[in-house]
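Got your viewer open? Let's take a short walk through this chain, one selection at a time.

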Amino acid sequence: MTIEASFIITWTVFVFMFLIYLSFYSYDKCVLFQDAYAVCFRGSIQKQEDNVVPYINAHMKEQFGKKYFATGEVRGSVDRSGNVTDVTGECQVKVPIRAAFTMSDRSGWLIRTKARAQIINPTHIIRKSRWIGNIVN
């Protein structure tokens, strides 16, 4: 009975720890995508299109901040092609016993997300809308 109880307690602790780290992974993945999209969107609505990538690079660390659980450094990169900007965020959940808590793919607990936003000039859109509204009225 004692040996069986020791196995049950060990596996119960193992399962609870796995669920806790799995919840850290899920939270960090959601927050990383939210932060990547927020900084991508804020950069995409700059008045000058040449200022999009420098704005995103300047504010990326500030947006990512220190709100992630059990992760190392959060890294980000910006790509721009035409009127579309992409922000890629990446971090790794630190697991105490990596071999015991593996996930299905090779990267394990690596979180990588990509957010995309179209570059627009809000001032130009508002002026065009007002111009069309004045013509119609």
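Start with the whole chain in cartoon view: you should find 3 helices and 3 strands. Keep in mind that this is a predicted model. Trace the chain from the N terminus and you'll meet the elements in the order α-α-β-β-β-α. The chain is more spread out than a compact globule, because its radius of gyration is 22 Å, well over the 14 Å that the globule rule gives for 137 residues. Now turn the C-alpha trace around: along its principal axes it spans about 85 × 30 × 25 Å.

Next, switch on the surface. The chain exposes about 9,400 Å², and carbon and sulfur atoms supply 60% of that. How much of the chain is buried? Buried residues make up 29% of the 137 residues.

Color by charge for the next stop. There are 17 positive and 11 negative charges, and their mean positions lie 6 Å apart.

What about contacts? Take those between residues at least 6 apart in sequence: 61% of them join residues at least 24 apart.

Time to zoom in. Select Phe69, which sits in the loop between helix 2 (52-64) and strand 1 (75-81). Is Phe69 buried, partly exposed or exposed? Its relative accessible area is 43%, so Phe69 counts as partly exposed.

Now show what surrounds this residue. Leaving out residues up to four places away in sequence, Phe69 touches Phe24, Tyr27 and Asp28. For a last selection, add Val93: it comes 24 residues from Phe69 along the chain, and the C-alpha atoms of the two are separated by 7.8 Å.

Terms used. Residues are numbered from 1 along each chain as its sequence is written. This is a predicted model: local features need pLDDT of at least 70, side-chain atom pairs count only at pLDDT 80 or more; totals for chains, interfaces and linings use all residues. Side-chain values use heavy atoms; hydrogens and water are left out. Helices (H or I, at least four residues) and strands (E, at least two) are DSSP runs, numbered from the N terminus. The radius of gyration is taken over C-alpha atoms; the globule rule is 2.2 Å times the number of residues to the power 0.38. Buried means under 20% relative accessible area, exposed over 50%, partly exposed in between (1.4 Å probe, protein chains only). Contact means heavy atoms within 4.5 Å. Accessible areas come from the Shrake-Rupley method with a 1.4 Å probe; for residues, only the protein chains shown count as cover. Lys and Arg count as positive and Asp and Glu as negative; His and the chain ends are not counted. The place of a charge is taken as NZ of Lys, CZ of Arg, CG of Asp or CD of Glu.
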